[in-house]
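I opened a new page for this model and wrote down what I looked up, in the order I looked.

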Amino acid sequence: MAASRFSESPAAGVEFAYSGDLLHAEDSAFQHVEIYDHPTFGRTLVLDGAVQTSERDEFLYHEMLVHVPLLCHPEPRRVLVIGGGDGGALRRVLEHPSVTEAVMVEIDERVSALSREFMPSIGGDVWDDPRASVLFDDGNAYVHADGDPFDAIIVDSSDPVGPGIVLFETPFYRRCLERLNPGGVYVAQVGSPIYFQDEMRMAFHNARAAFADVRLYLGHVTTYPGVVWSYMLGGERLAVDAGEAGARATERKIVTRYWTPEVHAGAFAIPGIVRDGLDGEARNPFGS
Ligand code: SAM
């Protein structure tokens, strides 16, 4: 099979290109879904031309998206994952022994079906875990409906385009706060802190209209444009102490390949270029 080229261009004259065997492509009811077999990253999911996850680097993203907020909570029991159709976030949630119920609400059933077929290692056996409920619905509609509160809401959505845009708006954040128990934590991926500063800024300012305490933290994902990636934590009064998180990780026997207490501490150290981006107006700090 001849390798196909796929790429993302986050800024003028900048391109992150990959080539791999295209194993499957289809237009679902919500987006264009592609699965590639990449020589370095293995099976890779691409939605509307944007890389979402790959078998070999998914841990970089899922450990930071899930373990950081759950280790900032003393005893997460009910957890909501919005998006996350590949199952990687849900799998990490269920590694926390205090979790008795995890609900995943993914808008596109085809993403989960194809992830299970082509990238089974990402979700593993999470689909059959009795603590897990997997629903195919719009996450915004789900949180606006009545239902029991959660200790953590984890938004593993695609970027703020198409079905994902509503998940970056103030009404959604406000409703998430209402669906959280006291002391509950909210988290979402908010894009490249360098190339997509407009998206990060929009999310941050919209979230601050809902949550009393909003923090940005950073990580690295080798298949995302620019590699450095940003996440946003929201709540009433967040406790992000790395020592406490480290003790909880040991107690909960959480095994990681990227996250460490030192990485946890460093993730909240925001470089000037990113902090300026939160207050700036440009899409990136290079003026292009
Ligand atoms: N880690 C990836 C990223 O940072 O781009 C996201 C991976 S995950 C596959 C993204 C999922 O969010 C997709 O499967 C998409 O269908 C889902 N999604 C987008 N908008 C949604 C919505 N409004 N409700 C629920 N799921 C949504």
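**Strand β12 and its neighbours**

I started with A188, whose bridge partner in β12 is M232. The model is predicted, and I read every entry below with that in mind. A188 sits in a pairing I then checked as a whole: strand β10 (residues 180-191) and β12 run antiparallel and are joined by five bridges.

I looked next at the pairing of β12 with strand β11 (residues 213-220), which is antiparallel and has eight bridges. Within this pairing I noted R215, which stands opposite L233 in β12.

Is strand β12 mostly covered or mostly open? I found it mostly covered, since seven of the eight residues in 228-235 are buried. The cut-off for buried is under 20% relative accessible area.

**The seven-stranded sheet**

I traced the sheet that holds these strands and got the order β8-β7-β6-β9-β10-β12-β11. It is an open sheet of seven strands with mixed pairing. β8 (132-136) and β11 are the edge strands; each has a single partner strand, so one side of each has no neighbour in the sheet. I recorded an average twist of 15° from one strand to the next.

For a parallel pair I took strand β6 (residues 78-83) and strand β7 (residues 101-106), which share five bridges. I82 has V105 as its bridge partner in β7. I then noted that helix α1 (residues 58-71) packs on this sheet and touches β6, β9 (150-156), β10, β11 and β12. The direction of α1 makes about 160° with that of β9.

**The five-stranded sheet**

I turned to the other entry on sheets: five strands form an open sheet, in the order β1-β2-β3-β4-β5, with antiparallel pairing. Here β1 (4-11) and β5 (50-54) stand at the edges with a single partner strand each, so one side of each lacks a neighbour in the sheet. Neighbouring strands are turned by 45° against each other on average, direction ignored.

I checked one pair in detail. Strand β2 (residues 14-27) and strand β3 (residues 32-38) are antiparallel and share six bridges. D27 stands opposite H32 in β3. Helix α3 (residues 109-118) lies across β2, β3 and β4 (42-47), and I noted an angle of about 95° between α3 and β2.

**The ligand**

How many residues surround the ligand? I counted 25, and the closest are Q31, E106, D138, G139 and Y224.

I listed three polar contacts from side chains. E106 has a polar side-chain atom 2.6 Å from an oxygen atom of the ligand. For D138, an N or O atom of the side chain is 2.8 Å from a nitrogen atom of the ligand. Y61 places a polar side-chain atom 3.2 Å from a nitrogen atom of the ligand. I also took down the coverage: of the 590 Å² of accessible area that the ligand has on its own, the protein covers 99%.

**P261**

My last entry is P261, which I located in helix α9 (residues 261-267). Why do I call P261 partly exposed? I do so because its relative accessible area is 26%, and partly exposed covers the range between under 20% and over 50%.

Leaving out residues up to four places away in sequence, P261 touches A242 and G246. I also noted V68: it is 193 residues from P261 in sequence, and the two are 9.5 Å apart in space, C-alpha to C-alpha.

How values were computed: Residues are numbered from 1 along each chain as its sequence is written. This is a predicted model: local features need pLDDT of at least 70, side-chain atom pairs count only at pLDDT 80 or more; totals for chains, interfaces and linings use all residues. Side-chain values use heavy atoms; hydrogens and water are left out. Two strands pair if DSSP finds at least two bridges between them. Helices (H or I, at least four residues) and strands (E, at least two) are DSSP runs, numbered from the N terminus. Axes are lines fitted to C-alpha atoms, for helices over the stretch in contact, and angles run from 0 to 180 degrees between N-to-C directions. Contact means heavy atoms within 4.5 Å. Buried means under 20% relative accessible area, exposed over 50%, partly exposed in between (1.4 Å probe, protein chains only). A residue is near a molecule or strand if one of its heavy atoms lies within 4 Å of it. A polar contact is a pair of N or O atoms within 3.5 Å; within protein, one must be able to donate a hydrogen and the other to accept it, and residues adjacent in sequence count only if both atoms are side-chain atoms. Accessible areas come from the Shrake-Rupley method with a 1.4 Å probe; for residues, only the protein chains shown count as cover.
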